[in-house]
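Work through the exercises below with the sequence and the 3D structure open, and try each task before reading its solution.

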Amino acid sequence: MINKKLLAFALLIGIGFTAAAQAEEFLDNRWYVAPFGSYVNAGGDRHANNAGYGAGVGFGKIIDKHFNVELRGFYNGFDDSTNRSPQKNGQWDLAGGTADLQYYFWRDKFSPYTVIAAGGMNSYVNGRSGVGILGEAGAGFTYELHDNFLIRSDVRYRYNNNLNAHLTPVGGTDEYHDMIVNVGFVIPLGPKPKAEAPVEAPATDCSTLDSDSDGVNDCIDTCPGTMAGTKVNDQGCPLILELKGVNFEYDSAQLTPGAMTVLDGVAENLIAYPQKNDIEVRGHTSSEGSNKYNMRLSQKRSQSVADYLSMKGVTNRLTAHGYGEDMPIADNSTEEGKSQNRRVELVWGN
């Protein structure tokens with residue numbers, strides 16, 4: 001019988017320390033005091049037929065989500081003076097203390113736990129006293145009524161060895177096995193830690209932002225992501241883009257290598273841009289040469305640009321139109337003005 005109880009005690013110890021590796025971070029790490037009352041069902045090896053009572057107090061700390069450690073002091077007493085057996089011993093007085101390790105399966109309003117404890121105890125009976133060692137194992141629960149007040153109860157098996165004190169000469173033994181029922185409460189010290197509310201980043205005023213730098217703030221820009229240099233309407237949607245750097249071989253519609261590099265970047269932007277409106281590719285010339293010739297050259301050049309963009313994967317419907325010298329934007333009497341008038345533009349449709 002003793003061996004079975006010791007085996008159960010060892011098993012609880014093993015469970016408790018195996019679980020130690022699984023402990024998780026927990027916000028509540030307060031100290032606490034825990035007064036309690038006890039009911040003692042003395043084992044038969046004490047030759048006592050009366051139940052006993054006692055009281056004590058614990059002082060402990062919450063370690064993490066699963067573990068508490070606690071130091072406890074207690075007094076238990078019971079009397080077998082009414083025992084008619086010749087083995088009666090009279091009044092037993094037990095005073096001692098333990099170091100407890102409690103493992104909580106979870107922490108909530110109702111929190112079940114197992115406990116193991118080790119300590120020492122002085123036993124007094126029949127005018128004899130002896131200091132011995134004790135170990136306890138059991139299970140219990142707490143029930144939270146308030147952040148700073150919990151009801152607690154547990155049931156424990158206690159093993160006590162009085163180390164050859166021979167307190168009971170009749171049928172003498174120095175090993176005792178008792179059952180203890182504790183009922184009390186826990187008073188955590190200080191406010192219960194709470195998880196801090198996440199700090200929200202201040203809301204950004206969209207009216208101060210212009211993500212695509214088109215001159216229309218993000219609050220009213222219904223066409224975000226327009227290419228740099230694009231003229232837009234008051235909702236931020238593209239109207240016209242002059243393809244600066246798109247030049248041609250002399251008196252030809254053949255794109256220069258530099259023009260192809262510029263159009264590669266334009267194609268990437270058009271492919272990524274979600275608005276797939278139709279686009280007119282407009283070609284313009286300066287006033288040099290005849291109007292008929294310039295009209296034909298500008299048409300070829302605009303078509304060359306449209307074909308190149310399509311070849312690069314642009315899915316917008318592209319329409320090429322040549323306007324010759326009819327739509328100047330600068331003075332054709334100067335070389336600088338003529339250079340500005342020789343241009344290609346993308347014009348978005350509705």
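**Exercise 1: the largest pocket**

In this predicted model, the largest pocket has a volume of about 570 Å³. Determine which residues lie closest to its centre, which elements supply its lining, and how the lining divides by class.

*Solution.* Begin at the centre: 26 residues line the largest pocket, and the closest to its centre are H284, T285, S286, R301 and R342. Next, assign the lining to elements: strand 11 (279-284), helix 3 (291-311), helix 4 (335-341) and strand 13 (343-348) each supply at least two residues, and helix 3 provides the largest share, with 5 residues. Finally, sort the lining of the largest pocket by class, which gives 7 nonpolar, 11 polar and 8 charged residues.

**Exercise 2: the second largest pocket**

Repeat the analysis for the second largest pocket, whose volume is about 320 Å³.

*Solution.* The lining of this pocket consists of 18 residues, of which D28, R107, D108, E144 and L150 are the closest to its centre. The elements that give two or more residues to this lining are strand 6 (128-146), strand 7 (149-161) and strand 8 (175-188). By class, the lining of the second largest pocket contains 7 nonpolar, 3 polar and 8 charged residues.

**Exercise 3: the nonpolar cores**

Identify the residues of the largest nonpolar core that touch the most other members, and then the elements that supply this core.

*Solution.* The largest nonpolar core has 23 residues, and those that touch the most other members are L243, L270, V305, L309 and L346. Helix 2, strand 11, helix 3, strand 12 (318-322) and strand 13 each supply at least two residues of this core, with helix 2 giving the most, 5 residues. To follow one member in detail, take V305: leaving out residues up to four places away in sequence, V305 touches L243, V246, F248, L255, L263, V281 and V344. A second, separate core has 13 residues, including F36, F78, W92 and V125.

**Exercise 4: positive phi values**

For S213 and D251, state the phi value, locate the residue, and decide whether it is buried, partly exposed or exposed.

*Solution.* Most residues other than glycine have a negative phi. S213, which is not a glycine, has a positive phi of about 55 degrees, and it sits in the loop between strand 8 and strand 9 (231-232). Because its relative accessibility is 64%, S213 counts as exposed. D251 likewise has a positive phi, near 55 degrees, and is found in the loop between strand 10 (238-242) and helix 2 (257-272). Its relative accessibility is 43%, so D251 counts as partly exposed.

Key:
Residues are numbered from 1 along each chain as its sequence is written. This is a predicted model: local features need pLDDT of at least 70, side-chain atom pairs count only at pLDDT 80 or more; totals for chains, interfaces and linings use all residues. Side-chain values use heavy atoms; hydrogens and water are left out. On a 1 Å grid over the protein atoms alone, a cavity is a set of points where a 1.4 Å probe fits but cannot get out, and a pocket is an open set with protein on both sides within 12 Å along at least five of seven lines; lining residues have an atom within 4 Å of a point. Grid points are joined across faces, edges and corners, and a volume is the space filled by probe spheres set on the points. Helices (H or I, at least four residues) and strands (E, at least two) are DSSP runs, numbered from the N terminus. Ala, Val, Leu, Ile, Met, Phe, Trp, Tyr, Cys and Pro count as nonpolar, Asp, Glu, Lys and Arg as charged, and the others, Gly among them, as polar. Buried means under 20% relative accessible area, exposed over 50%, partly exposed in between (1.4 Å probe, protein chains only). A nonpolar core is a set of buried Ala, Val, Leu, Ile, Met, Phe, Trp, Tyr and Cys residues joined through side-chain atoms within 4.5 Å. Contact means heavy atoms within 4.5 Å.
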